[in-house]
Amino acid sequence: MSTTPLQRDRATTIFQKGAPGRRAFVCPAPEVPEVDPETLLPAGFRRAQEPRLPELSEPEIVRHYVGLSKRNFDLDSGFYPLGSCTMKHNPRLHERTAALPGHARLHPLQDPERAQGALELMWNLQGALAEISGLPNVSLQPSAGSHGELAGVLLTRAYHEDRGETRHKVLTPDTAHGTNPATVTMAGLDVIKVATNQDGGVDVEDLRAKADGDVACLMLTNPNTLGLFDPNIAEIAEIVHAVGATLYYDGANLNAVMGLSRPGDMGFDIVHFNLHKSFTQPHGGGGPGSGPIAVSERVAPFLPVPVVVRLKDGAFDLDHERPKSIGRLRGFHGNYGCFVRAYAYICSLGADGLRDASETAVLNANYLLARLKQRGVAEYLPLAYGELCMHEFVLSGGPMKQALQIKTLDLAKRLLDFGFHPPTVYFPLLVEEALMVEPTETETKETLDSFAEAIAAILSEAAEDPEIARGAPYTTPVRRLDEVAAAKRPVIRQAL
Amino acid sequence: MSRYTAITPADLDAMLAVIGVGSVQEIFDRQIPQAVRLGRELDLPHGLGEQDVYEHLRALAERNTSTEDELSFLGAGMYDHYVPALIDMLTERSEFLTPYTPYQPEISQGGLQVMFEYQTAISELTGLPVSNASAYEGPSALAAAGYLAKLHNGGGRFVASAGLHPHALQTLRTNAHGYGMDVVEVGLTGGITDPEEWAAAIDGDTSAAFFAQPNFYGAVEDAAALSAAAKGAAGDGAKPPVVVAQVDPISLGVLRSPGECGVDVAVGEGQPLGNRLDFGGPSFGLFAAREEYLRRMPGRIAGETVDVDGRRGFVLTLQTREQHIRREKATSNICTAQALNALAGVVYLAWLGRRGFVELGELLLARTHYARETLALLTGVEPLHDRPVIREFAVRLDVDVAAVKRRCASEGVNPGVDLHALSGREADRGGLLVAITERRTRADIDRLAAVLALAMAAERDSAATEAVTV
């Protein structure tokens, strides 16, 4: 196979380009009287050698980064069914509104009386998230989902400590996102795993056996990472509450249930939202995100500071005086730029639109699942659990590996040559050769059909010659990369 | 069909037939028990058209006074630097804006190489050999350094200078409480961390020692002395604490680097590097360390490798540190970095360039010095300390700061941050923190002085009148 122009580009970094003396920035004149440098900053504090930053003209910088951008796949270019990540369309309206100077150039320490528009926006967003989750008290502060989880576990801890109890166990299902157990450790508590039953839900008997007076919290995703809504949720909540523990909802999969079912009504005490998933904050190639939390009344006194409040005269303010608060989780008030986008999205969709988004997300996922079955894919990639799914589904590549000698990884890499971003692979861990597919509501039927065709084509190609998938991809800027070598002898910066 | 969806009635019929159900409702009915179904519409307004949403968001924006609407000297962690136009263009490109985390490196080389370049730039700035691909933001990056220190040497307490940003100190306390650590605060003398108190506070059980450079009050600390003292104070046989410096990256063109000063981990708020204010976020946190901490770093790290044809490429590496592999044994729960904000950071540094980065630092030094000298000449204004300052300085006013700020605001000037309102410290009453960027000219500084002088005089007059009336 011949090489493409992108493959001929040798990944030269910006530090390897340019020439001494080139520049883009013209520094303004100081305009102030000259002062002895020693007075300004004594030599002992001064840097001897300046940082070896690149030296390029502006046109060179633009070409370099535009060139790099072309070595990325992105949501605007094609289907991105990355399970658990909710890669729905990012409306450009949100970028335009977030860039308005009144939002983008507002200093976080502006006096609240002169930031009323921003505080009102945050207040409105808090209210909308409370209504969507069925939990009335919101903090917008956490920076991402995992940060919201940390907030949630610290809140749980504070809640129990306030009642004079030290509880050290947090229950998490074995299907949980990795952030759940990692968070528990960071909050100084211990992870206790709960088994999954044969239907893919929480093993209620195992939960009952492990739920005791030392349990602080159960962390759950519902629908879970198998894309299944746990039908025993009411019983699960009852067991957890009966031992005095809290129930934490990992909101990564909220896109399945907006306007249809609410964590608060299921019995959860704390929920985090991923604004970069359900609420379409663009993920920027790995951040920013935003992870607000909503909580029940009993947990509310412990919320992080500050919280946006409305005063008697109707004005908005930031409340820092919350004596039982766990404190701050970060600087300032959270990722406001993400709030603007999420709020614009909620305004655009409204109550009816949010429900429609979730209904369509679930419709699209079930259609794609059925379409794959119709195309004969289920023989090699059966649904791991259940018959229907919520907004995503998990297939097992076990039979494919047996029958066709290609692994889920090979299938994923071959999909790259077909112009698709692959689904999430090898998660959740309890499914052999897992493939987690989340199409989202913003895709057309035609796109779903073409993805199903691509999977079917790869399987029949593999039946002829498995080496093709095993060697894939062929058309991407680079082909399979040696990750083992990268980790063994890490090179994490350009040698200068 | 609602906004952004595309399923027509004809599509729907065809899709339901393939699924083998009669309606979308049936899919939900078969999976979600009725008892936990909402059974009503959410109590939210109906959806609006694009134009109406724009007008609503624009109306909200207009009720904020931004740095375009007044002459602003606000700082204390986030600064009104000029963001070059090419950053807007690049961060709005679909290829950078809309991908997820680069889980498939073959189609994510652009983003991964940006991370690699970013890591290189941060290593250069900090003089520390390893950098991650970014943390959430400044204060939480400092707390993450604390967790690294706890994993590294297992001590039971942290020692932290009162010169840290109050939000950083508070964030550290919130996190430290979680994993059971005490935070001992060391006070300031003459504007900087008290060296004797610092050395006395650190013992063999100290996991980490934290200070800020420059500190919250704008003062340049003796970073080398603080690092050396911290390492010497642990005592014979004890593991020395991890020395953590919270740095302002914009100062690192002129200041000795943390690495040269003996610092182990440098963290800081990245916003000054090409990121907009956004009322406090999103931005990014920088996180760099000595080599020995590499395998305990939080967050994503991009590494260099080759593909099967020998071409140079980049991957997310050292993933065995991370939550999706190690779960409860991970070195951090961080999943999301701040890739787009870090892109803005590295493009900004490339745009400034090797010489420009230093020139900008020198410019800030000169103008900040001028501003401090100019304000110090005003009646009732006294510098809080006489230490060198880089881009920000603290003064004490002999009148109520909030009242003076209100008077200045009516003249279109925001003279700075009310120190007491931010830190809550009694000693900060009357304190004003004034920040300078390249966007604040000499004429702007002179105007600040004139407006501040009038506002203070008016405030003194009105206070005197009130006193007489009483």
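## Around T86(A)

Leaving aside residues up to four places away in sequence, T86(A) touches A252(A), N255(A), K277(A), S278(A), E438(A) and T440(A). One of these neighbours, E438(A), also shares a polar contact with T86(A): their side chains are joined at 2.7 Å. Bear in mind as you look around that this is a predicted model.

So where does T86(A) sit along the chain? Its place is in the loop between α3 (58-69) and α4 (92-98) of chain A. Is T86(A) buried or exposed? Its relative accessibility is 2%, and because buried means under 20%, T86(A) counts as buried.

## Chain A as a whole

Let's step back from that one residue. Chain A has 17 helices and 12 strands. Measured out along the principal axes, its C-alpha atoms fill a box of roughly 80 × 70 × 45 Å. The radius of gyration of chain A is 26 Å, which agrees with the value near 23 Å for a compact globule of 496 residues.

What share of the residues in chain A is buried? Buried residues make up 67% of the 496. Contacts tell another part of the story: of those in chain A with a separation of 6 or more, 71% are between residues 24 or more positions apart. As for the outside, the accessible surface of chain A comes to about 16,000 Å², and 50% of that belongs to carbon and sulfur atoms.

## Aromatic pairs

Now for the rings. A pair of aromatic rings is described by the distance of the centres and the angle of the planes. Over all chains, the count comes to 22 aromatic pairs. Take Y249(A) and F268(A): their ring centres are 4.8 Å apart and their planes stand at 80 degrees, so this pair is edge-to-face. Y249(A) lies in strand β5 (residues 246-251) of chain A, while F268(A) is in the loop between α11 (263-266) and β6 (270-273), so the pair ties together parts that are 19 residues apart in sequence. Y249(A) is buried, with a relative accessible area of 0%, and F268(A) counts as buried at 2% relative accessibility.

Chain B has a pair to look at too. The rings of Y118(B) and F284(B) have centres 5.5 Å apart and planes at 80 degrees, so they are edge-to-face. This pair links distant parts of chain B, 166 residues apart: Y118(B) is in helix α6 (residues 109-126), and F284(B) is in the loop between β9 (265-269) and β10 (285-289). Both Y118(B) and F284(B) are buried.

## A cluster and a charge over a ring

Which residues make up one aromatic cluster? F25(A), Y82(B), Y348(B) and W351(B) do, with members from chain A and chain B. Elsewhere on the aromatic theme, R391(B) lies over the face of Y79(B), 3.5 Å from the ring centre.

## Around K239(B)

Last stop: K239(B), in the loop between α10 (223-233) and β8 (242-247) of chain B. K239(B) has 47% relative accessibility, so it counts as partly exposed.

What does K239(B) touch, not counting residues up to four places away in sequence? The list is H152(B), N153(B), G204(B) and A234(B). With H152(B) there is a polar link as well: the backbone oxygen of H152(B) lies 3.1 Å from a polar atom of the K239(B) side chain. Finally, K239(B) and T206(B) are 33 residues apart in sequence, and their C-alpha atoms are 8.6 Å apart in space.

Terms used. Residues are numbered from 1 along each chain as its sequence is written. Chains are lettered from A and ligands numbered from 1 in the order in which they are written. Side-chain values use heavy atoms; hydrogens and water are left out. Rings of Phe, Tyr and Trp (its six-membered ring) pair if their centres lie within 6.5 Å; planes under 30 degrees apart count as stacked, over 60 as edge-to-face and the rest as tilted. Helices (H or I, at least four residues) and strands (E, at least two) are DSSP runs, numbered from the N terminus. Buried means under 20% relative accessible area, exposed over 50%, partly exposed in between (1.4 Å probe, protein chains only). A charge sits over a ring if NZ of Lys or CZ of Arg is within 6 Å of the ring centre and within 35 degrees of the ring normal. Contact means heavy atoms within 4.5 Å. A polar contact is a pair of N or O atoms within 3.5 Å; within protein, one must be able to donate a hydrogen and the other to accept it, and residues adjacent in sequence count only if both atoms are side-chain atoms. The radius of gyration is taken over C-alpha atoms; the globule rule is 2.2 Å times the number of residues to the power 0.38. Accessible areas come from the Shrake-Rupley method with a 1.4 Å probe; for residues, only the protein chains shown count as cover.
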